[in-house]
Each structure stands twice: as C-alpha cells, then as structure tokens.
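Work through the two exercises below on the pockets of this protein. Try each task before reading its solution.

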Amino acid sequence: MTKPKKKLKIGVLTTGGDCPGLNAAIRAVVRTCIFYGHDVVGFLRGYEGLIENQFILMNSHSVSNILQRGGTILKTARSERFKTVEGRQKAAENLQSLSIDALIVIGGDGSFRGIETFTREHPIPVIGIPKTIDNDIYGTDTAIGYDTALNTVVQAIDKIRDTADSHDRLFFVEVMGRDAGMIAVLSGIGSGAEAILIPETKTRMEQIVQILKRGWNRKKTSMIVIVAEGDDAGGAYRIADEVKKKFEHFDTRVSVLGHMQRGGSPSCADRVLASRLGVAAVEALIEGRSNEMVGIVGNRIVHTPFPEVVNTKKEFPMDLMRIAEILSL
Ligand code: ADP
C-alpha cells in the first residue's frame, strides 16, 4: 500500500467487556499507524475517555511488551453517558478540539451500535475491530478473545474432570454466554461433556436426565454437563437441583467459572487475529473506508458496514450440537 499524502491523527479505544487480545490489537493499531506515518492517540476507558477527554499520545514504545498481556492498557468501561445525546455531543467536541481525523473502536456489538449512532450525529470515519468471548458478532468468523476463553474453559473442565472422576461425581459447569452458546458448545466438544445446555435450544430436563441415567448405567465414572449462563432452564445451580430431584443417585457438584474466562494471556490464535485486524483497521481508514467493521471470513479480511453488523444475527452452527451428541454416548 502506498503512503497517503495527508498525515492523519487517529484515535483508538477499547470499550465494553474486557477479554484477552485487546493489547495485541492496540499494539497492531499503534505500530501500523507509525509505519504509515500517522499519529495515534489512545483514549482511556472506552467512550468515557472521549467524554472526559482522557487520552495518551502513543508511540512505538507505549506498546512494547504488551502483546502477551491480558486486559487492556487503555482500560475499558461501559458508558451510560455515551447513550445520551449530551454525552455524545461532549465526545464530538473533544475529538474536534484534538483534531482527531478518525477513530478505531475495539469493541463488541453494543460498542458498534453506540458508535454508529454517534457517526450519524457527528460524521467522522470510524473502523471497528470485533472482540467478544461469545463469538456472536456478525461479519467475522471469530472475534478477539474467543479462542483464549475457550482454552481457559477447556483447561478448567479438564481439571474438574479429574476430581469428578476420582469421586464418581456429576458436575454442572456454568460458562459465560448470556445470549450465545458458542463457548458452551465448543468447550463441550473440546472437553467431552456428556450434555451441553445453550440459550439457542429449549432445554428439556427429562432428556438431560435420560442422558445422565444412560451414563450412570454404563458405569461412567464422571459426568460433566456444561450450562451456558443464559440457558432457558436457569443457571447451573437450578438445573443441578432439578436433576437431583429426578435422579438422586448422583453425587452432584456445581462449578461456576465466572470472570476467569475473560482473563489471562491471549492464545497465539488471538494474538495473530488481533494483529491482522489491527493492521486491517488502519489500512481501511487510509483507503478512505468508514463506518465498517473489519473481520475475517474464510481466512480473508472483509469489511461489513456497522448497521449490517448490529442488525444481523450471526448464524449458530447447530451441527456442532449434533456432533457433541454423537460423541457423548
Ligand atoms: P460490548 O461492546 O462489549 O457489546 P456493551 O454492550 O456494554 O459492550 O456496550 C459498550 C458501550 O457502548 C456501552 O457502555 C455504551 O456506552 C455504548 N452503547 C451501547 N449501546 C448503545 C446505544 N444503543 N447507543 C449509544 N451507545 C451505546
């Protein structure tokens, strides 16, 4: 790519829930800006930093030794004020006073919804980089943080399996996924779970009990049921109680994995994904693209307009549930 004539001042921020790989994305954005001769400013705590005018000037050194670190050096936050016209007006005034030419938003669905509203009121070129451990953003095969979260969950379940096996126990493991069962189904296949309960399908308790009875009759020494937190039958504690009522032979335990799923050093796959998307985001701005999210579909960089990203439901790979069912016999 040839270098553009005008030197740009590009703002970057991380917003919404945190996940591993955000630092790798920041590093990629900053280094790519420097490579093409542009200035880059990091806003702190997501949209709150735009409203509060809190930022740091970034250089190559500011992103040294962060590729492998979880969390985000720019911090992240949810911002109620950005949902108001006044809050967004303040953010626009600050961007103007700093002469920011364009923004790169590393965020999720909600963040893109917010910035889409913002650009309709205050036009400025924005490119989004998708991050979510739930992998439910339309316009990309996978998002930053998802692969690491999966590996964290599978490692945790492997450990739980050891104790379940030693004590002949049935474990209900609750994983993140308020609206999406992607973590549950992938980690379920990866850890050989006996059953997987997800928000996308109706949970029938009788069927779960049948599966567990079958395992019991086959003298399985341990059984694991993965429950996505948003499952329609309730959380892992409630489901464990229901199962216990219907089949009391089980020595049952519950483990809620919680926030550990958001932390830790990013996997190599997440580091590479974040690096590719970071470079693609800056290059998209340089090409004059605007109000789109960069993603990877079929191993190629694609650009999807924000309205399409936030208004299209990503298709859930239901065939994976079938695979999990076949293999859990
Ligand atoms: P994520 O981007 O991880 O999905 P959230 O849904 O919490 O996280 O969204 C992050 C931030 O984006 C919110 O705190 C808010 O500031 C902004 N946002 C979300 N939805 C809207 C909206 N409809 N209008 C304006 N801002 C929004």
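Some ground rules come first, then the exercises.

This is a predicted model, where local features need pLDDT of at least 70, side-chain atom pairs count only at pLDDT 80 or more, and totals for chains, interfaces and linings use all residues. Residues are numbered from 1 along each chain as its sequence is written, and side-chain values use heavy atoms, without hydrogens and water.

**Exercise 1.** Describe the largest pocket and state why it lies between two domains.

Step 1: volume. The largest pocket holds about 1300 Å³. A pocket is an open set of points on a 1 Å grid over the protein atoms alone, where a 1.4 Å probe fits, with protein on both sides within 12 Å along at least five of seven lines. The volume is the space filled by probe spheres set on the points.

Step 2: lining. It has 50 residues, and Gly-108, Asp-109, Gly-110, Thr-132 and Asp-136 are the closest to the centre. Lining residues have an atom within 4 Å of a point.

Step 3: elements. α4 (109-121) and α10 (306-311) give two or more residues each. α4 gives the most, with six. Helices are DSSP runs (H or I, at least four residues), and strands are runs of E (at least two).

Step 4: placement. Domain 1 (9-145 + 266-311) and domain 2 (147-262) both contribute to the lining, so the largest pocket lies between them.

**Exercise 2.** Describe the second largest pocket.

Step 1: volume. Its space is about 380 Å³.

Step 2: lining. Of 18 residues, Ile-196, Gln-207, Ile-211, Met-321 and Glu-325 lie nearest the centre.

Step 3: elements. β7 (195-197), α7 (205-217) and α11 (319-327) each supply at least two lining residues. α7 gives the most, with four.

Notes: Domain bounds come from an automatic or database domain assignment.
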